[in-house]
Amino acid sequence: MSFRYVSLCDRDCVYCGEPATSVDHVPPRIIRKSYSLHGLNQKDFYVVPACHDCNVRCLGANGPWTLKERIQFVKERIRKLNAKILTLPDWTPEELGQLEPGLRASVLSGLNHRAWVLRRLAFVPTKLTQFRGPKPRLTDSF
Ligand SMILES: [Zn+2]
């Protein structure tokens, strides 16, 4: 069985925009084994670029079957896995300047992590409209 590779955003993870280090199968491979039982057609199978964190940590071997549902699922997982870091308050430069260096470095590290999480949550693949169109752009096959 060959899968179509859909390049939605070139080399970036379709879920969060980080550099892709793997490919994600939509729907999950475990479903594909019995796809006809699930009312699916092979033309609905895609392979999309994904980062390790979204592909392995957020989605695992299962997850929802459609790309749209998987995007929502990953965003919820990112939000849940980073719930604590997302509650970090903002700090003014004056407040940061009053901290001793070790604590300041720790706070800045947390704020950088929070900014990274927020970037991933806000990411929307620019080429997603191609996926929803009548014919996705096919660049390769697996
Ligand atoms: Zn990702």
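At roughly what angle do the axes of α3 and helix α6 cross? The close-ups below, all from a predicted model, start with that pair.

**View 1. Helix α3 alongside helix α6.** The axes of α3 and α6 (residues 101-122) come within 10 Å and cross at roughly 165°. Angles over 145 degrees count as roughly antiparallel, so α3 is roughly antiparallel to α6. The crossing itself is left-handed. On the α3 side, look for Lys75, Ile78 and Arg79; they meet Val117, Arg120 and Leu121 of α6. Sorted by class, the residues of this contact come out as 3 nonpolar and 3 charged, with no polar ones.

**View 2. Helix α2 against helix α3.** Here we swap α6 for α2, which covers residues 52-59. The axes of α2 and α3 come within 10 Å and cross at roughly 80°. An angle from 65 to 115 degrees counts as roughly perpendicular, and that is therefore the label for α2 and α3. From α2, the residues to find are Cys54, Cys58 and Leu59, which meet Arg70, Phe73, Val74, Arg77 and Ile78 from α3. This contact has 6 nonpolar residues, 2 charged and no polar.

**View 3. The largest nonpolar core.** How many residues make up the largest nonpolar core? There are 19, and those with the most contacts inside it are Cys13, Tyr15, Cys16, Val48, Ala50, Cys54 and Val74. Strand β3 (46-50), α2 and α3 each put in at least two residues. The largest share, 4 residues, comes from β3. As general background, nonpolar side chains in soluble globular proteins tend to be buried together.

**View 4. Zooming in on Cys16.** Cys16 is one of the core residues with the most contacts inside the core. Which residues does Cys16 touch once its neighbours within four places in sequence are left aside? They are Cys51, Cys54, Val74, Ile78, Arg120 and Phe123. Some of these have already turned up: Cys54, Val74 and Ile78 take part in the contact of α2 with α3, while Ile78 and Arg120 take part in that of α3 with α6.

**View 5. Leu81 in helix α3.** Leu81 belongs to α3, which spans residues 67-81. Is Leu81 buried or exposed? Neither label quite fits: it has 14 C-beta neighbours inside 10 Å, so Leu81 counts as partly exposed. For a distance to check on screen, try Leu81 to Arg57: their C-alpha atoms are separated by 9.4 Å, with the two residues 24 apart along the chain.

Technical notes:
Residues numbered from 1 in each chain as written. Predicted model: local features only at pLDDT ≥ 70, side-chain atom pairs only at ≥ 80, totals over all residues. Buried ≥ 20, exposed ≤ 12 C-beta atoms within 10 Å, placed from the backbone. Axes fitted to C-alpha atoms, helices over the stretch in contact; angles between N-to-C directions. Parallel < 35°, antiparallel > 145°, perpendicular 65-115°, else oblique. Contact = placed C-beta atoms within 7 Å. Nonpolar A, V, L, I, M, F, W, Y, C, P; charged D, E, K, R; others polar. Core = buried A, V, L, I, M, F, W, Y, C linked by C-beta atoms within 7 Å. Left-handed = near helix turned anticlockwise from the far one by under 90°.
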